[in-house]
Amino acid sequence: MSLDQQPSVLLTEDDALVGMDLSDTLERAGYRVLGPAASAAEALILLEQETPTLAVLDIMLKDGPCTELVRELRRRGVAFLVHSGCYQDEPLASEFHGVPWISKPVLSDDIVSVLDELSLSAGTIKQEAAAARPLRLVEQSTARGNPLIRKLERFAVLSETDRALLEQISANPRLVRPHTDLVREGDKPEGVYLVLSGFACRHKLRANGARQINAYLVPGDLCDLDVALLDEMDHTITTLSACKVVRLAPEVIANLLAHHPQIARALRKSTLVDEATLREWLMNVGRRSAIERLAHLFCEVLLRLRAVGLAAENSYELPLTQVDLADTTGITSIHVNRSLKELRQRGLIELEGGRLTILDYARLRALAEFRANYLHLGDRAAA
């Protein structure tokens with residue numbers, strides 16, 4: 001695609017590292033990036049030079065809120081989305097009513113997914129550029145593979161028919177915003193949720209609002225395989241980042257279990273791993289120190305994401321806040337902050353722009369006394 005055919009995106013972001021990471025992701029996705037602009041003034045200058053196809057806005061910049069920029073984008077008919085650490089119930093958010101809103105931190109690829117949908121619904125991309133978009137998505141899917149298939153192939157040998165069926169049932173995901181309840185405690189379950197991108201969690205809430213996260217749901221994970229047997233949910237499932245999910249009807253799951261033995265075997269083994277992981281999390285909260293809890297969690301998530309092709313050798317996107325980590329490990333967010341600082345000072349991790357890099361996996365694993373046997377990854381658990 002030539003430069004004049006590429007859809008352009010005006011990007012505002014006052015965090016240089018986040019801006020560079022997002023800019024790289026957008027360019028790999030086929031967009032031409034204007035910016036990133038760290039201030040509204042800088043963004044307005046870029047806007048005077050060229051009207052972009054779309055925009056991704058961090059609404060609070062180095063020189064304050066970008067309300068004037070928003071007015072100018074609307075005047076020019078430029079569709080945009082918000083990528084911000086601000087919350088939608090803040091007074092400032094009233095300027096952005098009806099605009100897609102993604103709360104930080106979030107996977108860069110999830111921003112691209114929302115931007116793709118925004119570009120198509122707004123009808124702003126040229127016909128030839130829009131026609132090229134599915135080719136990019138197919139190439140990306142082929143390279144990465146379906147995370148459900150990659151996960152289940154850890155536990156059973158799947159036939160081409162099995163793979164085709166799994167592709168079919170996961171073919172039409174919907175995008176869900178961060179901090180959205182997929183199903184709440186007390187609800188009657190109406191199906192099983194499959195996570196195809198992003199992070200979700202199982203959690204319980206106390207009457208005072210205190211939350212305990214009991215499990216992370218990462219790409220390839222199914223939420224509660226036999227949930228149709230229950231009259232009501234005994235926990236809540238919530239997205240922690242923007243997610244792509246598919247809701248599978250109970251009869252779809254029943255068909256997989258009854259008529260496709262290798263898929264059924266893999267699903268049952270996956271459920272056993274979920275139970276083993278919960279036991280390990282109980283050990284984490286009950287018998288490890290704060291720094292050991294985080295070290296163990298980081299090791300586990302690395303291997304789980306590697307298994308579905310979503311982590312590099314030693315790094316991965318971690319779209320979680322310190323509050324999320326606190327509610328997972330049973331400590332305060334202040335204690336999380338101190339423990340992260342200690343892990344950095346020991347030269348074990350880096351955590352910047354929603355991406356975790358493990359600098360010394362062997363030492364981090366030794367600190368946590370991490371043994372991957374409960375994940376049943378076989379050779380994939382080798383570091």
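These exercises work through helix packing, voids and backbone geometry in a predicted model.

**Exercise 1. Determine how α2 and α3 are oriented relative to each other, and which residues join them.**

Step 1. Get the geometry. Two packed helices are described by the angle between their axes and the distance between the axes. Helix α2 spans residues 40-49 and helix α3 spans residues 67-75. Their axes come within 9 Å and cross at roughly 20°.

Step 2. Classify the angle. Angles under 35 degrees count as roughly parallel. α2 and α3 are therefore roughly parallel to each other.

Step 3. Add the hand. α2 passes α3 in a left-handed crossing.

Step 4. List the contact. α2 brings Ala-43, Leu-44 and Leu-47. These meet Glu-68, Leu-69, Glu-72 and Leu-73 of α3. By class, this contact holds five nonpolar residues, two charged and no polar ones.

**Exercise 2. Describe the packing of α9 against α10: angle, hand and contact residues.**

Step 1. Read off the geometry. α9 packs on helix α10 (residues 290-307) at an angle of about 155°, and the axes are 9 Å apart.

Step 2. Classify. Angles over 145 degrees count as roughly antiparallel. So α9 is roughly antiparallel to α10.

Step 3. Assign the hand. The crossing of α9 and α10 is right-handed.

Step 4. Identify the residues. From α9 come Thr-277, Glu-280, Trp-281, Asn-284 and Val-285. Across from them, α10 offers Glu-292, Arg-293, His-296, Leu-297 and Glu-300. The contact divides into three nonpolar, three polar and four charged residues.

**Exercise 3. Classify the angle between α10 and α11, then list the residues that meet.**

Step 1. Take the values. Helix α11 covers residues 322-329. It packs with α10 at an angle of about 105°, with the axes 10 Å apart.

Step 2. Apply the range. Angles from 65 to 115 degrees count as roughly perpendicular. α10 is therefore roughly perpendicular to α11.

Step 3. Name the contact. Arg-293, Leu-294, Leu-297 and Phe-298 in α10 meet Leu-325, Thr-328 and Thr-329 in α11. By class, there are four nonpolar, two polar and one charged residues.

Step 4. Cross-check with α9. Arg-293 and Leu-297 of α10 also appear in the contact with α9.

**Exercise 4. Characterise the largest cavity: volume, lining and the helix that gives the most.**

Step 1. Count and size. The structure holds one cavity of 30 Å³ or more. The largest cavity has about 80 Å³ of space.

Step 2. List the lining. The residues are Leu-148, Lys-151, Leu-152, Gly-220, Asp-221, Leu-222, Asp-224, Leu-225, Leu-267, Ser-270, Thr-271 and Asp-274.

Step 3. Assign elements. α6 (147-152) and α9 (261-287) each supply at least two of these residues. α9 gives the most, with four.

Step 4. Sort by class. The lining divides into five nonpolar, three polar and four charged residues.

**Exercise 5. Find which residues lie nearest the centre of the second largest pocket, and which element supplies the largest share of its lining.**

Step 1. Size it. The volume is about 620 Å³.

Step 2. Locate the centre. The lining has 27 residues. Arg-202, Asp-224, Thr-271, Asp-274 and Glu-275 lie nearest the centre.

Step 3. Assign elements. β12 (211-217) and α9 are the elements that give two or more residues to the lining. The largest share comes from α9, with seven residues.

Step 4. Sort by class. The lining has 13 nonpolar, four polar and ten charged residues.

Step 5. Compare with the cavity. Asp-224, Thr-271 and Asp-274 also line the largest cavity.

**Exercise 6. Locate the cis peptide bond at Pro-36 and the positive phi of Asp-224.**

Step 1. Set the baseline. Most residues other than glycine have a negative phi, and most peptide bonds are trans.

Step 2. Check omega. The peptide bond from Gly-35 to Pro-36 is cis, with omega near 5°. Pro-36 sits in strand β2 (residues 32-37).

Step 3. Check phi. Asp-224 is not a glycine, yet its phi is positive, about 65°. Asp-224 lies in the loop between β13 (222-223) and β14 (236-239).

Step 4. Connect to the voids. Asp-224 lines the largest cavity and is among the residues nearest the centre of the second largest pocket.

Notes
Residues numbered from 1 in each chain as written. Predicted model: local features only at pLDDT ≥ 70, side-chain atom pairs only at ≥ 80, totals over all residues. Heavy atoms only, no water. Axes fitted to C-alpha atoms, helices over the stretch in contact; angles between N-to-C directions. Left-handed = near helix turned anticlockwise from the far one by under 90°. Contact = heavy atoms within 4.5 Å. Nonpolar A, V, L, I, M, F, W, Y, C, P; charged D, E, K, R; others polar. 1 Å grid on protein atoms, 1.4 Å probe; cavity = no way out; pocket = protein on both sides within 12 Å on 5 of 7 lines; lining within 4 Å. Points joined across faces, edges and corners; volume = space filled by probe spheres on them.
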